[in-house]
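Work through these exercises with the sequence and the 3D view side by side. Try each task before reading its solution.

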Amino acid sequence: MALSRLSLRSNPFLKPSTTSIRRHVSTDTTPITIETAVPFESHLCDAPSRSVVTSSSEILSFFRDMARMRRTEIAADSLYKAKMIRGFCHLYDGQEALAVGMEAAITKKDAIITSYRDHCTFLGRGGELVEAFSELMGRKRGCSNGKGGSMHFYKKDACFYGGHGIVGAQIPLGCGLAFAQKYSKEEFVTFALYGDGAANQGQLFEALNIAALWDLPAILVCENNHYGMGTATWRSAKSPAYFKRGDYVPGLKVDGMDALAVKQACKFAKEHALKNGPIVLEMDTYRYHGHSMSDPGSTYRTRDEVSGVRQVRDPIERVRKLLLSYDIATEKELKDMEKEVRKEVDDAVAQAKESPVPEPSELFTNMYVKDCGVESFGADRKELKVTLT
Amino acid sequence: MWGILRRSAVDGGGFSSSSLGKTRFALVSARSYAAGSKEMTVRDALNSAIDEEMSADPKVFVMGEEVGQYQGAYKITKGLLEKYGPERVYDTPITEAGFTGIGVGAAYAGLKPVVEFMTFNFSMQAIDHIINSAAKSNYMSAGQINVPIVFRGPNGAAAGVGAQHSQCYAAWYASVPGLKVLAPYSAEDARGLLKAAIRDPDPVVFLENELLYGESFPISEEALDSSFCLPIGKAKIEREGKDVTITTFSKMVGFALKAAEKLAEEGISAEVINLRSIRPLDRATINASVRKTSRLVTVEEGFPQHGVCAEICASVVEESFSYLDAPVERIAGADVPMPYAANLERLALPQVEDIVRAAKRACYRSK
């Protein structure tokens with residue numbers, strides 16, 4: 001809108017002219033350059049610049065998207081305690097900057113694959129809230145029709161390949177996605193996300209070796225939240241410098257709680273991977289919840305540590321401060337935005353609760369694409385026998 | 001019916017340097033009845049199947065240890081690197097977990113990998129990817145992520161390779177919903193099933209047999225055509241009979257056919273079923289045969305406990321109990337790790353006389 005173009009000039013510190021019309025800041029894409037708070041550390045490469053080119057609309061979208069992710073995880077926590085979500089539920093609150101920063105640097109044709117801590121990654125790829133909550137509650141409307149559960153969210157049309165329950169398996173799979181991108185001569189890359197626990201997996205090194213030999217556009221992203229379940233990094237890794245563990249593969253260590261730093265690193269990594277093959281990114285991040293809903297998260301770390309990170313490094317608060325100091329939005333506007341997001345999430349939860357459970361016949365669907373007249377059986381095969389078609 | 005007319009080749013393995021670039025020649029042990037009919041080794045059948053599918057579909061590629069420059073540890077992929085280049089045939093390091101995961105990831109993205117395990121014993125290093133990453137993905141994603149991959153390689157016992165290199169994985173993989181598990185016997189099986197497997201949009205475990213690679217079988221014009229495919233999930237009745245049904249797969253089909261010849265001399269007419277497909281298992285054909293003969297001998301090379309034979313026995317007991325005139329007989333590998341000494345190895349594997357004896361028991365002709 002004309003007003004916003006006039007109001008945000010190249011100097012972001014000038015107060016925009018206030019009128020009775022609300023500023024349409026969410027559409028302003030005038031470039032703003034912001035320095036990351038923490039420098040990048042690099043291994044076998046030159047670190048990218050700390051100056052990140054962004055815009056007020058982008059920073060605002062970070063805020064909204066992270067707020068949505070945060071509320072989603074908190075809602076999931078309540079639903080789990082109400083026993084509406086069963087089994088495993090691994091929450092991402094604290095790590096939101098990673099999901100939004102990455103999306104800002106890439107396209108929906110670049111692929112992402114991650115572990116079981118996948119709710120927010122799914123949302124970042126464009127997944128709908130109602131699909132996420134429905135899946136968590138095992139309903140038909142779920143992104144996997146209720147058949148996957150928390151750990152198995154997928155969105156193939158946005159090149160999001162899950163959602164994997166076996167620690168470390170997603171890394172070779174991600175290198176395989178990169179292989180396919182190179183094979184098809186597409187100029188896209190794959191981000192394979194894994195944790196500090198998975199960073200010690202043998203298959204990571206096997207896959208990275210092949211990725212380096214074959215120059216695959218694979219970016220291995222270690223979401224180092226400092227705990228592999230209940231085991232701190234110093235107890236599980238002889239060398240916890242995860243960005244250096246690629247040895248002959250370049251690496252970058254990034255402040256994973258800073259969405260802009262994440263964006264810069266992912267942009268850098270994509271350019272690198274397309275020209276030079278694999279690269280390892282280590283994102284220094286933190287999860288507020290325990291490993292999963294079965295883990296209080298307080299037996300292996302102090303409450304002071306958790307609240308300390310929340311006070312000093314929370315990704316949403318950092319973006320809020322940025323928005324306020326650059327005068328992109330007022331406190332009230334941001335609070336209103338959070339209220340909207342909260343309502344969005346609550347509505348989605350309500351909608352998801354309305355969704356029916358899958359039909360019993362769904363027990364037998366999707367085993368094969370081509371069923372070729374195969375039979376399948378229920379627990380009592382004389383009672384329940386189905387010919388798959 | 002061509003029955004068991006074939007030449008047998010003695011091939012102790014694909015590692016000898018003399019095998020590089022040479023077609024295997026064989027000892028003639030039987031006369032070919034059908035004059036003018038073509039013959040083909042299982043090795044050539046597999047090679048031609050992969051070649052044709054690679055030619056037809058640019059998404060098909062081959063990956064595994066020594067599949068390229070070495071021409072294949074057992075020469076199954078011979079000539080493919082020269083013909084299609086390094087962008088279609090990939091030599092991998094000796095890292096099954098890594099390269100199998102990469103193959104499955106490539107299949108997620110829509111490519112059609114043919115992943116070779118030098119033997120299926122090494123597939124255990126990658127079994128998480130075969131089962132958790134490949135077999136279950138279509139289901140867990142409610143149809144979003146299908147995995148059109150083929151895992152192939154020699155399975156079961158070879159000759160003198162010892163305990164760690166001789167296991168049969170048919171029962172393990174066939175128990176997993178979401179996988180298809182095939183086991184060819186003849187050259188026609190090899191061609192038709194492998195082509196079907198490569199074209200199939202689901203993950204297929206393709207269990208070959210090293211000792212069959214050098215065997216020649218008659219092959220029809222139809223089977224030589226590049227569009228030839230065999231249906232997955234259908235067994236083949238190799239020899240019709242009326243007194244006892246013998247079911248088996250892979251190398252044991254040859255043994256069962258020899259056993260049927262011996263039984264015929266004693267007036268017992270055995271029907272030999274070549275399963276071809278372990279999952280899906282052709283229960284219909286097996287049960288129809290048992291309802292005809294009333295007796296079943298089920299044969300496999302692998303470990304007996306929880307094996308393929310156990311599943312077939314259960315199926316027949318469930319579906320055709322009142323047709324059985326005798327308990328189901330099971331002939332399987334011995335319940336021991338494979339020993340090295342030749343005499344012990346022979347004792348550890350089913351022999352023709354074991355199948356004959358079991359068939360006679362089922363026919364009340366012996367204790």
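The exercises below concern a predicted model, and each task is followed by a worked solution.

**Exercise 1. The sheet of chain A**

Task: Find the order of the six strands in the open sheet of chain A, and say which strands stand at the edges.

Solution:
- Step 1. Trace the sheet from side to side. The order is 2-9-10-6-5-4 in chain A, and the pairing is mixed.
- Step 2. Look at the two ends. Strand 2 (41–43) and strand 4 (111–113) of chain A each have a single partner strand, so one side of each is left without a neighbour in the sheet.
- Step 3. Check the twist. From one strand to the next it averages 20°.
- Step 4. Zoom in on one pair. Strand 4 of chain A runs parallel to strand 5 (residues 190–195) of chain A, and three bridges join them. Within this pairing, A:Ala111 has A:Thr190 as its bridge partner.

**Exercise 2. Helices on the sheet of chain A**

Task: State which strands helix 6 and helix 9 of chain A touch or lie across, and at what angles they run.

Solution:
- Step 1. Start with helix 6 of chain A. It packs on the sheet and touches strand 4, strand 5 and strand 6 (218–224) of chain A. Its direction makes about 175° with that of strand 5 of chain A.
- Step 2. Move to helix 9 (residues 259–276) of chain A. It lies across strand 5, strand 6, strand 9 (251–255) and strand 10 (279–284) of chain A. Here the angle is about 175° to strand 10 of chain A.

**Exercise 3. The sheet of chain B**

Task: Describe the open sheet of seven strands in chain B, then place helix 3 of chain B against its strands.

Solution:
- Step 1. Read the order: 3-2-4-5-7-6-12 in chain B, with mixed pairing.
- Step 2. Name the edges. They are strand 3 (89–91) and strand 12 (277–279) of chain B, each pairing on one side only.
- Step 3. Add the twist. Ignoring direction, neighbouring strands of this sheet are turned by 20° against each other on average.
- Step 4. Pick one pair. Strand 2 (residues 60–64) and strand 4 (residues 112–116) of chain B run parallel and are joined by five bridges. B:Val62 stands opposite B:Val114 in strand 4 of chain B.
- Step 5. Place the helix. Helix 3 (residues 96–108) of chain B lies across strand 2, strand 4 and strand 5 (150–154) of chain B. It runs at about 165° to strand 4 of chain B.

**Exercise 4. Where the chains meet**

Task: Describe the interface between chain A and chain B by its residues, its buried area and its polar pairs.

Solution:
- Step 1. Count the contacts. In all, 46 residues of chain A are in contact with 51 residues of chain B.
- Step 2. Give the area. About 4000 Å² is buried between the chains, and carbon and sulfur atoms give 63% of it. A:Tyr154, A:Tyr183 and A:Tyr368 supply 16% of the area that chain A buries against chain B, more than any other three residues.
- Step 3. Look for charge pairs. Four salt bridges cross the interface of chain A and chain B. One of them joins A:Arg381 to B:Glu318, with the closest N and O atoms 3.1 Å apart.
- Step 4. Widen the search. There are 22 residue pairs in polar contact between chain A and chain B.
- Step 5. Find the main contributor. Helix 6 of chain A gives the most to the side of chain A that touches chain B, with eight residues.
- Step 6. Sort by class. That side of chain A has 24 nonpolar, 11 polar and 11 charged residues.

**Exercise 5. A salt bridge within chain A**

Task: Explain why the pair A:Arg318 and A:Asp255 ties together parts that are apart in sequence.

Solution:
- Step 1. Confirm the pair. The side chains of A:Arg318 and A:Asp255 meet in a salt bridge, 2.9 Å from N to O.
- Step 2. Locate both ends. A:Arg318 lies in helix 11 (residues 315–325) and A:Asp255 in strand 9 of chain A, so the pair links parts 63 residues apart in sequence.
- Step 3. Set it in context. Over all chains, the structure holds 53 salt bridges.

**Exercise 6. Backbone exceptions**

Task: Find where the cis peptide bonds from A:Gly162 and from B:Arg279 lead, and locate A:Leu44, which has a positive phi.

Solution:
- Step 1. Recall the background. Most residues other than glycine have a negative phi, and most peptide bonds are trans.
- Step 2. Take chain A. The bond from A:Gly162 to A:Gly163 is cis, with omega near 20°. A:Gly163 sits in the loop between helix 5 (129–136) and helix 6 of chain A.
- Step 3. Take chain B. The bond from B:Arg279 to B:Pro280 is cis, with omega near -5°. B:Pro280 lies in the loop between strand 12 and helix 10 (283–293) of chain B.
- Step 4. Turn to phi. A:Leu44 is not a glycine, yet its phi is positive, about 60°. A:Leu44 is in the loop between strand 2 and strand 3 (51–55) of chain A.

Definitions and conventions: Residues numbered from 1 in each chain as written. Chains lettered and ligands numbered in written order. Predicted model: local features only at pLDDT ≥ 70, side-chain atom pairs only at ≥ 80, totals over all residues. Heavy atoms only, no water. Pairing = 2+ DSSP bridges. Helix = DSSP H or I, 4+ residues; strand = E, 2+ residues; numbered from the N terminus. Axes fitted to C-alpha atoms, helices over the stretch in contact; angles between N-to-C directions. Contact = heavy atoms within 4.5 Å. Buried area = accessible area lost by both parts, 1.4 Å probe. Polar contact = N/O pair within 3.5 Å; in protein donor to acceptor, adjacent residues only side chain to side chain. Nonpolar A, V, L, I, M, F, W, Y, C, P; charged D, E, K, R; others polar.
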